[in-house]
Amino acid sequence: FMATTNATTDKECTLASSAFHRHSSKARIIVFQRDGGKQLQNLIKHYKHVLDYDDIVLIDHLGVDPHTNSILDHYANLGVHVWRCHGPWTRKAEMW
């Protein structure tokens, strides 16, 4: 997941944050979400007790909720890796 801000691939996902791996991780959590809002925020707060922001990867698939987007932007600024993906979910293996 190392890339620069707004890096795009030939696939359908874009890194929407400037997060980078600052250290070697023993664990990392990857969360697929769409318009999760408060649940997403609670999940991040929970895992922040045992992980650094750099160890959290959020993959937003077709999210359109403004509240959730502001949460994603907030945590991206804190170091969470935020990916935004488009295209049909049935093609998720092709997104990477």
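Q: Why is the pairing of arginine 84 with aspartate 60 called a salt bridge?
A: Their side chains meet with N and O 3.6 Å apart. A salt bridge needs a side-chain nitrogen of Lys or Arg within 4 Å of a carboxyl oxygen of Asp or Glu, so the pair qualifies. The two ends come from distant parts of the chain, with arginine 84 in strand 4 (residues 81–85) and aspartate 60 in strand 3, 24 residues apart. Strands here are DSSP runs of E of at least two residues, while helices are runs of H or I of at least four, and both are numbered from the N terminus.

Q: What kind of model is this, and how are its residues numbered?
A: It's a predicted model: local features need pLDDT of at least 70, side-chain atom pairs count only at pLDDT 80 or more, and totals for chains, interfaces and linings use all residues. Numbering runs from 1 along each chain as its sequence is written, and side-chain values use heavy atoms, leaving out hydrogens and water.

Q: How do you know whether arginine 84 and aspartate 60 are buried or exposed?
A: Check relative accessible area: under 20% is buried, over 50% is exposed, and anything in between is partly exposed (1.4 Å probe, protein chains only). Arginine 84 comes in at 18%, so it counts as buried. Aspartate 60, at 3%, is buried as well.

Q: What makes Asp60, Asp73 and Arg84 a network?
A: Aspartate 73 also forms a salt bridge with arginine 84, the closest N and O atoms being 3.0 Å apart. That pair, too, links distant parts of the chain: aspartate 73 sits in helix 2 and arginine 84 in strand 4, eleven residues apart. With aspartate 60 also bridged to arginine 84, Asp60, Asp73 and Arg84 are linked by salt bridges. Aspartate 73 is at 40% relative accessibility, so it counts as partly exposed.

Q: How many salt bridges does the rule give, and what links aspartate 55 to arginine 28?
A: The count comes to three. One of them joins aspartate 55 to arginine 28, with the closest N and O atoms 3.4 Å apart. Aspartate 55 is in the loop between helix 1 (37–47) and strand 3 (56–61), and arginine 28 is in the loop between strand 1 (13–15) and strand 2 (29–33), 27 residues apart. Aspartate 55 has a relative accessible area of 5%, so it is buried, whereas arginine 28, at 35%, is partly exposed.

Q: Why is the link between the side chains of aspartate 55 and arginine 28 also called a polar contact?
A: A polar contact is a pair of N or O atoms within 3.5 Å; within protein, one must be able to donate a hydrogen and the other to accept it, and residues adjacent in sequence count only if both atoms are side-chain atoms. This one is 3.4 Å, so it makes the cut.

Q: What does threonine 68 touch, and why is it called buried?
A: Its relative accessibility is 0%, so buried is the word. Threonine 68 lies in helix 2 (residues 66–78), and its side chain makes a polar contact of 2.6 Å with the side chain of aspartate 65. Contact means heavy atoms within 4.5 Å; leaving aside residues up to four places away in sequence, threonine 68 touches Gln33, Asp35, Gly36, Gly37 and Leu40.

Q: How do you know which strand 2 side chains share a face?
A: They alternate: Ile29, Val31 and Gln33 point to one face and are buried, while Ile30 and Phe32 point to the other and are not. In a regular strand the side chains alternate between the two faces of the sheet.

Q: What makes strands 2 and 3 a pair?
A: Pairing takes at least two DSSP bridges between two strands. Five bridges join these parallel strands, so they pair. Phenylalanine 32 stands opposite isoleucine 59 in strand 3.

Q: Why are Ile30, Phe32 and Trp89 called a patch?
A: Patches are made of residues with over 30% relative accessible area and no salt bridge: like charges are joined within 9 Å, nonpolar side chains (Val, Leu, Ile, Met, Phe, Trp, Tyr) within 5 Å. These three form a nonpolar patch on the surface, with about 300 Å² of accessible area together (Shrake-Rupley, 1.4 Å probe, only the protein chains shown counting as cover). Tryptophan 89, in the segment after strand 4, is at 35%, so it is partly exposed.
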